[in-house]
Amino acid sequence: MNDPTPTPTPVPTADAHQGLHSERGARRGEHPGRAAQPVIKVVDLAWLEFTKPDLDRAETFAHDFGFTTAARTDDVLYLRGAMAGPHCLVIRRGPASRFIGPAFRAADAADLDRLARATGHKVRTLTEYGGGRAVDLLDPSGIPVRVVHGVTEQPARPLQQPLVLNTGVTTAASRINATQRPPRKPSQVQRLGHVVLSTRVFRRALDWYLQHLGLIVSDFLYLDGQRDRGPTMAFIRCDRGSEPADHHTLAVHLGPDTGYVHSAYQVADLDALAAGGAYLRERGYHHSWGIGRHIQGSQIFDYWRDPDRFMLEHYADGDVFDNTLDPGWAAMSASGLAQWGPPATRDFLGTTPSPGVLLQAISALREDNEIDRARLVGLMKALSK
């Protein structure tokens, strides 16, 4: 006999992360996320430059984090990843620890000439390690930005291989009669992935990078209740046409300070990231946040601070997009930074109250920029959610 009781219709489970990226995420009149006619289109980050007073200490951390020394003089340390390419970090001896700026790779030599003509700058020859030619610029925040071509590329080193995983289906097991014992050692850095910068002039900085370097936006974040004022963070990728590029090579967000937030370096897989993190923890380095998986970009992440308090990220399994995908839009929040993992720490968010943080906020409110009381309050609310 048939049961007369109707079967309840299943209620769909709400996905809190659905729609955080969309090919048609913008509303009418919102920022398109790309320049109509950029001057050039860079193909990748080349390296980041810093100054630090103690190169020995910097090199020790670099090796523990997973870099290899490409070259060193009395005053400059050049660090590389295992993949083929130019060095990815330049650390110069200086009286204080500070971020100098990023260098991006031009597609060809003619792009340097085109960029120089458009900006009124000159193309110059680089005489230090790696050689090549460069155009040196300043972005609207005052951060030095170098665009390079012809830098000597290092050959690839043997890569740490991802582990072979069994997925739980016996008939589909890939590893049979073999155990899994990932060594606790430094995560091998494969390459520089991205850099995140803070600025008080977000819209001007965003448009400058899109117009001059041909970068395109993958995702925008806006402050809850303030979308009509425009985004306050952008995850920006290289436009390589039909060739996929990292979800973001550069990320820029509005904030009361200006400059470096963190940089990210690709490793083989989750086990390489976790075992490398255990190695760093054993050596007493400061863990900032992780392990988790991001939403924008989807990377598995783990954040650390070096002895000079600069934040660096190990990551694996990030998204790649070609140039057909338009920006997604989402509200900014601390809880929206990860799909899973521990809550974002105050250290990562930079929300620990200190005289320096308060002075930056007061200074930003007094200057002619995009920071006003509503923006500052909105940022504070977003980072507390």
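Is Ser198 buried or exposed? Ser198 counts as buried, because its relative accessibility is 1% and the cut-off for buried is under 20%. The views below come from a predicted model.

**View 1. Ser198 and its surroundings in strand β9.** Strand β9 runs over residues 191-199 and includes Ser198. The side chains of Ser198 and Asp257 form a polar contact at 2.9 Å. Asp257 is also one of the residues that Ser198 touches. The others are His253, Gly255, Thr258, Gly259 and Val261, leaving aside residues up to four places away in sequence.

**View 2. Helix α7, seen with its buried residues.** Helix α7 takes in the 12 residues 373-384. At 1.5 Å a residue, the expected span is 16 Å; the end C-alpha atoms lie 17 Å apart, so the two agree. Buried in α7 are Arg375, Leu376, Gly378, Leu379 and Ala382. These residues lie on the same side of α7, because they cover an arc of only 160° around the axis. An α-helix has 3.6 residues a turn, so residues three or four places apart point the same way. Among the elements covering the buried residues of α7 are β13 (250-254) and α6 (355-366).

**View 3. The exposed face and N-terminal end of α7.** Which exposed residues does α7 carry on the face turned away from its buried side? They are Arg373, Met380, Lys381 and Ser384. Asp372 caps the N-terminal end of the helix. One of its side-chain oxygens is 3.2 Å from the backbone nitrogen of Ala374.

**View 4. The second largest pocket.** Its volume is about 200 Å³. The lining consists of 13 residues. Nearest the centre of this pocket lie Ala84, Gly85, Pro86, Arg191 and Leu192. Two strands, β1 (44-52) and β9, each supply at least two lining residues. β1 gives the largest share of the lining, with three residues.

**View 5. The largest cavity.** The structure has three cavities of 30 Å³ or more. The largest cavity has a volume of about 110 Å³. Its lining is made of 15 residues, and the closest to its centre are Lys52, Leu89, Ile91, Asp306 and Leu312. Which elements give two or more residues to this lining? They are β1, α1 (55-65), β4 (89-93) and β14 (259-266).

**View 6. Arg117 in helix α2.** Helix α2 spans residues 109-119 and contains Arg117. Arg117 is exposed, because its relative accessible area is 63% and the cut-off for exposed is over 50%. Arg117 and Ala178 are 61 residues apart along the chain. Their C-alpha atoms are separated by 60 Å.

**View 7. Helix α3 and the residue after it.** Helix α3 has 12 residues, 202-213. How far apart are its end C-alpha atoms? The distance is 16 Å, which agrees with the 16 Å expected at 1.5 Å a residue. The buried residues of α3 are Phe202, Ala205, Leu206, Trp208, Tyr209, Leu210, His212 and Leu213. Gly214 follows the helix, and its phi is positive, near 70°.

Methods: Residues are numbered from 1 along each chain as its sequence is written. This is a predicted model: local features need pLDDT of at least 70, side-chain atom pairs count only at pLDDT 80 or more; totals for chains, interfaces and linings use all residues. Side-chain values use heavy atoms; hydrogens and water are left out. Helices (H or I, at least four residues) and strands (E, at least two) are DSSP runs, numbered from the N terminus. Buried means under 20% relative accessible area, exposed over 50%, partly exposed in between (1.4 Å probe, protein chains only). A polar contact is a pair of N or O atoms within 3.5 Å; within protein, one must be able to donate a hydrogen and the other to accept it, and residues adjacent in sequence count only if both atoms are side-chain atoms. Contact means heavy atoms within 4.5 Å. The expected span of a helix is 1.5 Å times one less than its number of residues. The arc is that of the directions from the helix axis to the C-beta atoms. On a 1 Å grid over the protein atoms alone, a cavity is a set of points where a 1.4 Å probe fits but cannot get out, and a pocket is an open set with protein on both sides within 12 Å along at least five of seven lines; lining residues have an atom within 4 Å of a point. Grid points are joined across faces, edges and corners, and a volume is the space filled by probe spheres set on the points.
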